[in-house]
Amino acid sequence: MTVNPVVENFASTGKRGRMPGMQPVVVVQHPLAQCHLAAIRAVGTPSHEFRRHLNHLARLLFLEATRELPVQEISVQTPLKQTVGAQLARPLVCVPILRAGLGLLDGILPLVPDAVVAHVGIRRNEETALPHAYYANLPASLSTADVFLLDPMLATGGSACEAARQLKEAGAMRITMICVVTCPEGLAAMQLSHPDVAIVTAAIDAGLNDKCYIVPGLGDAGDRYFGT
Ligand code: PRP
Ligand code: URA
């Protein structure tokens, strides 16, 4: 499969960049993010440690994903003086893809306790790897919000493409996907169907195996997070 040269560039430099009309793919190279990623990749990491590391990593990815959110100036009275502060200019909606996306939500919500949480339930068919959508609960406020689509794994891209389609159908205009690990196949699928969705990730792995799992990846994210 042809790898988008811009994505290759991100993978090696960790910098932002974009083709005309295409939102960026950002690989977060921060050393702490890469240490948490190594811990959740390790096969011997038990569920309680997997959860802890994923929470920390989600927070670091979210910081990068929200770096360019617009803010409004507000007036703040300190104990000493009136000064200028900031508040987010637009509402924020987090959308975990059930199940595994819930594992990113836990790390993110403490930073934005006012965020609305919407849900999309999508499960890959184990034989075909095609996405099966089984649940959605999306608020009317999507059209005015900055929307963060959460899923640790962007593999074939089928689940994320379907989720982004549902979000846009419900009115979402500004979508950023946060994932932990992706691969060229998943990025290509997203960039083909949803070039307007920015992607923030900790790693672009080599590719998919014959069962459509990311290699080296981290295995089944949902099973490892929930201990199933
Ligand atoms: C996993 C993962 C993504 C999807 C990625 O979920 O959390 O949602 O697979 O694969 P794709 O890019 O090829 O669509 P899964 O279907 O295993 O469901 P789960 O979260 O309930 O375990
Ligand atoms: N879903 C996962 O949980 N892991 C993969 O590598 C691919 C899909």
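Which elements each supply at least two residues of the shell around ligand 1? They are β6, β9 and α5, where helices (H or I, at least four residues) and strands (E, at least two) are DSSP runs numbered from the N terminus.

A word on the ground rules. This is a predicted model, in which local features need pLDDT of at least 70 and side-chain atom pairs count only at pLDDT 80 or more, while totals for chains, interfaces and linings use all residues. Residues are numbered from 1 along each chain as its sequence is written, chains are lettered from A and ligands numbered from 1 in the order in which they are written, and side-chain values use heavy atoms, with hydrogens and water left out.

**The two ligands**

Ligand 1 has 15 residues around it, and Arg 124, Asp 151, Ala 155, Thr 156 and Ser 159 come nearest; to be near, a residue needs a heavy atom within 4 Å. By class, that shell splits evenly into 5 nonpolar, 5 polar and 5 charged residues. Here Ala, Val, Leu, Ile, Met, Phe, Trp, Tyr, Cys and Pro count as nonpolar, Asp, Glu, Lys and Arg as charged, and the others, Gly among them, as polar.

Ligand 2 is surrounded by Arg 124, Met 153, Ala 155, Cys 212, Tyr 213, Ile 214, Gly 219, Asp 220 and Ala 221. Its shell comes to 6 nonpolar, 1 polar and 2 charged residues. Arg 124 and Ala 155 turn up around both ligands.

The table gives polar contacts (pairs of N or O atoms within 3.5 Å) from each ligand to the protein backbone.

| Ligand atom | Backbone partner | Distance |
|---|---|---|
| Ligand 1, oxygen | Arg 124 | 2.7 Å |
| Ligand 1, oxygen | Ala 155 | 2.8 Å |
| Ligand 1, oxygen | Ala 100 | 3.0 Å |
| Ligand 2, oxygen | Ile 214 | 2.8 Å |
| Ligand 2, nitrogen | Gly 219 | 2.8 Å |
| Ligand 2, oxygen | Ala 221 | 2.9 Å |

On its own, ligand 2 exposes 240 Å², and the protein buries 89% of that. For ligand 1 the accessible area alone is 500 Å², with 93% covered by the protein. Both areas come from the Shrake-Rupley method with a 1.4 Å probe.

**The pocket they sit in**

Ligand 1 sits in the largest pocket, and the space taken by ligand 2 is that pocket too. Sitting there means that more than half of a molecule's atoms lie within 2 Å of the pocket's grid points. A pocket is an open set of points on a 1 Å grid over the protein atoms alone, where a 1.4 Å probe fits, with protein on both sides within 12 Å along at least five of seven lines; lining residues have an atom within 4 Å of a point.

About 700 Å³ of space lies in this pocket, a volume being the space filled by probe spheres set on the points. It is lined by 29 residues, with Arg 123, Arg 124, Tyr 213, Asp 220 and Ala 221 nearest its centre. Among the elements giving at least two lining residues each are β4 (92-98) and α7 (221-226).

**Backbone oddities**

Most residues other than glycine have a negative phi, and most peptide bonds are trans. The bond from Leu 98 to Arg 99 is cis, with omega near 0 degrees, and Arg 99 lies in the loop between β4 and α4 (102-108). Val 215 and Pro 216 are also joined by a cis peptide bond, with omega about 5 degrees; Pro 216 is in the loop between β15 (214-215) and α7.

Definitions and conventions. Polar contact = N/O pair within 3.5 Å; in protein donor to acceptor, adjacent residues only side chain to side chain.
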